[in-house]
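Q: Could you take me on a close look at one part of this model, starting from a single residue and working outwards? I'd enjoy a connected account rather than a list.

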Amino acid sequence: MNHLNNLASPADLKRFSLSQLEELAAEIREAILDTVAKTGGHLASSLGVVELTIALHRVFDTPVDKIVWDVGHQAYAHKLLTGRLDRFPTLRQFGGLSGFPKRDESPYDAFDVGHSSTSISAALGMAAARDTLGGKEKVVAVIGDGSLTSGLAFEGLNQAGHLKKDLIVVLNDNEMSISPNVGALSSFLSRKMTSDFVVRFKKETEQFLVNLPRFGKDLLNLARRAEDSLKSFLTPGMLFEAFGFNYVGPIDGHRLEELIETLQNVSRLRGPTLIHVVTKKGKGYPPAEENPALFHGVGPFDRQSGQVLGVKGGAASYTAVFGRTLVELAEKDERVVAITAAMAEGTGLKLFAERFPGRFYDVGIAEQHAVTFAAGLASRGMRPVVAIYSTFLQRSFDNVLHDVCLQNLPVTFALDRGGLVGSDGPTHHGVFDYSYLRPIPNLVFMAPRDEVVLRRAMATALDYNGPFAYRYPRGNGLGLLLEGVAEPLPVGIGEKLRDGEDGVILAAGTTVAAAMEAARTLAEEGLFMTVVDPLFIKPLDRELIAGQARRSGFVVTVEENVLQGGFGSAVMELLAEEELAPRMLMIGLPDRFVEQGSQDELRALYGLDAAGIAGRIRAALGRETGTRKAAAS
């Protein structure tokens with residue numbers, strides 16, 4: 001029987017037998033594998049929480065009760081159980097289902113997520129609102145052990161323990177190794193210690209002891225210490241007890257009977273409770289179980305062999321070029337250290353970690369700490385390189401400003417995934433970094449147009465005695481020959497790549513290639529545009545840009561960043577300071593969050609490909625030819 005196809009809503013799970021729920025778990029894994037093999041996505045984490053997701057929706061009354069998923073990359077089973085089976089093949093596609101929970105996609109998605117460690121704080125806010133409004137719904141936060149390395153998660157735990165709100169936190173631990181015997185005993189104790197009888201007995205005993213004259217409070221404290229000692233002997237729960245949580249676990253996250261009984265018991269408890277659930281990444285799919293890092297966020301793959309498709313041949317990725325070049329630079333300078341926030345493989349630092357283990361630091365999901373830690377290193381003469389995705393560096397803005405730039409320390413920020421990243425969507429697009437880094441004093445910001453210039457940007461950063469950032473995109477480079485030593489570039493000097501008398505295109509970063517193609521197309525139509533690569537977002541090449549503006553009177557800026565406060569804004573500020581007022585056309589991303597879709601689809605949609613740039617220039621100069629106009633202005 002196909003239980004998944006016949007599931008009208010999560011409420012139907014309450015009538016399923018245990019064997020039917022186990023069959024349903026197998027069907028969900030098949031559906032996830034079938035789709036993600038075609039679309040790519042976060043596979044290992046989603047396969048690991050299938051039973052946990054079923055148990056949560058079986059016990060709680062969703063969407064009245066709220067389940068908040070941390071990051072959300074493990075929520076595929078949740079989507080399948082909440083009415084999105086028919087649309088699931090559109091996962092992470094343009095116009096399709098998001099790879100993360102989104103409130104406007106389903107009433108079962110309680111909170112939009114995509115960045116880590118937000119679930120406890122958000123769930124606590126919901127619990128506080130419930131109590132203020134007189135509601136009775138349960139609120140559950142599901143957080144992974146990786147996300148628990150973030151300070152934000154501990155801030156949430158700290159306040160939740162202080163407020164004593166009814167809140168359930170499920171710690172999905174897919175890294176812990178637990179022996180079967182200890183695990184079975186701990187699971188048994190946790191289930192029994194949360195049963196109605198034991199909870200009632202504990203309350204009555206505490207009341208009896210506290211009312212005994214003279215020795216009652218001492219006996220109560222002794223009894224509590226005995227319980228805590230038993231817990232600490234068998235479990236890691238004392239940390240959470242110290243935060244004011246009632247700790248339950250560890251529980252086997254793949255045994256539905258234990259999960260359901262424990263969740264039912266915990267749902268009747270008062271105050272903050274943490275359930276420690278142990279799961280296995282990639283559960284049920286051997287290639288993902290054996291290599292969960294590869295299948296954390298994976299592209300399309302062959303289900304039979306587990307072979308990822310389309311990874312052989314072609315140009316090296318920008319990430320790989322960064323990783324290899326940093327090793328080359330570190331071999332010549334022992335002051336170079338590399339720092340990342342739980343993304344050693346994603347940022348290309350695996351080779352560096354193997355070559356220089358004593359100079360590599362993975363600080364966990366703690367971007368703020370990563371930046372200030374780097375500042376401390378730099379203050380003592382080291383040259384730290386902080387490799388973080390652009391979208392995640394946003395979380396450490398104050399640390400960049402206050403701890404690095406205010407002190408003018410030589411910390412390098414390597415911003416991977418700068419620009420549009422594709423199917424991960426609005427939570428992951430790195431399209432704000434020009435705007436949030438450009439205003440900070442002392443910081444130099446470079447945007448390489450290709451992998452050759454990326455290598456030179458890296459050398460320039462280490463040659464510069466102050467804060468330095470460079471941004472590069474997700475995906476492969478242009479396939480240019482990489483050889484010889486990467487030489488530093490003069491700071492703040494741009495480069496003219498093509499000459500023309502009808503106007504100038506100032507193209508930032510990887511938009512240069514599309515701008516060059518657009519200029520060639522326009523030249524065939526008799527419209528001749530100069531193309532300039534400014535190389536630096538800050539400082540701008542004042543002499544080059546102002547000179548070209550005076551010469552042509554028509555300036556076009558192109559950037560894969562939001563227009564507000566971005567590269568185009570910087571150019572306008574420069575021209576205003578020079579008392580120049582040329583005709584301006586700014587091409588970039590509009591004042592809204594950009595949806596998911598492939599990089600090519602999104603660049604075409606927002607007029608950032610060659611055809612879009614050429615079309616906008618034609619229209620601005622009154623030479624519209626009837627070809628399609630850019631979809632976004």
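**I505 and the sheet around it**

A: Happily! I505 has a relative accessibility of 0%, so this residue counts as buried, the cut-off being under 20%. Please keep in mind that the model is predicted.

I505 sits in strand β13. Setting aside neighbours within four places in sequence, the contacts of I505 are A515, M529, T530, V531, V532, V556, V558 and I617. Another residue to look at from here is L585: 80 residues separate I505 and L585 in sequence, while their C-alpha atoms are 9.2 Å apart in space.

Now for the sheet itself. It is open and built from five strands, ordered β12-β14-β13-β16-β17, with mixed pairing. At its edges are β12 (495-498) and β17 (583-589), each of which pairs on one side only. Between neighbouring strands of this sheet the average turn is 25°, with direction ignored.

Follow the sheet to β17 and you find its partner β16, residues 554-562; the two strands run parallel and are joined by six bridges. V562 is the residue that stands opposite L589 of β17.

A helix also belongs in this picture. Helix α24, residues 610-620, packs on the sheet and touches β13 (503-507), β14 (529-533), β16 and β17. The direction of α24 makes about 150° with that of β17. I617, one of the contacts of I505, is worth finding again at this point.

For a helix-on-helix view elsewhere in the chain, try α15 (residues 367-379) and α17 (residues 397-405), whose axes come within 9 Å and cross at roughly 10°. Because angles under 35 degrees count as roughly parallel, α15 is described as roughly parallel to α17. On the α15 side, the contact is made by Q368, V371, T372 and A375, and on the α17 side by N399, V400, D403 and V404. By character, the residues of this contact of α15 with α17 are four nonpolar, three polar and one charged.

Finally, some background from the whole chain. The protein chain has 24 helices and 17 strands, and 56% of its 633 residues count as buried; I505, where we began, is also counted as buried. Of the contacts in the protein chain between residues at least 6 apart in sequence, 75% join residues at least 24 apart. The exposed area of the protein chain is about 26,400 Å², with carbon and sulfur atoms supplying 53% of it.

Terms used: Residues are numbered from 1 along each chain as its sequence is written. This is a predicted model: local features need pLDDT of at least 70, side-chain atom pairs count only at pLDDT 80 or more; totals for chains, interfaces and linings use all residues. Side-chain values use heavy atoms; hydrogens and water are left out. Two strands pair if DSSP finds at least two bridges between them. Helices (H or I, at least four residues) and strands (E, at least two) are DSSP runs, numbered from the N terminus. Axes are lines fitted to C-alpha atoms, for helices over the stretch in contact, and angles run from 0 to 180 degrees between N-to-C directions. Contact means heavy atoms within 4.5 Å. Angles under 35 degrees count as roughly parallel, over 145 as roughly antiparallel, 65 to 115 as roughly perpendicular and the rest as oblique. Ala, Val, Leu, Ile, Met, Phe, Trp, Tyr, Cys and Pro count as nonpolar, Asp, Glu, Lys and Arg as charged, and the others, Gly among them, as polar. Buried means under 20% relative accessible area, exposed over 50%, partly exposed in between (1.4 Å probe, protein chains only). Accessible areas come from the Shrake-Rupley method with a 1.4 Å probe; for residues, only the protein chains shown count as cover.
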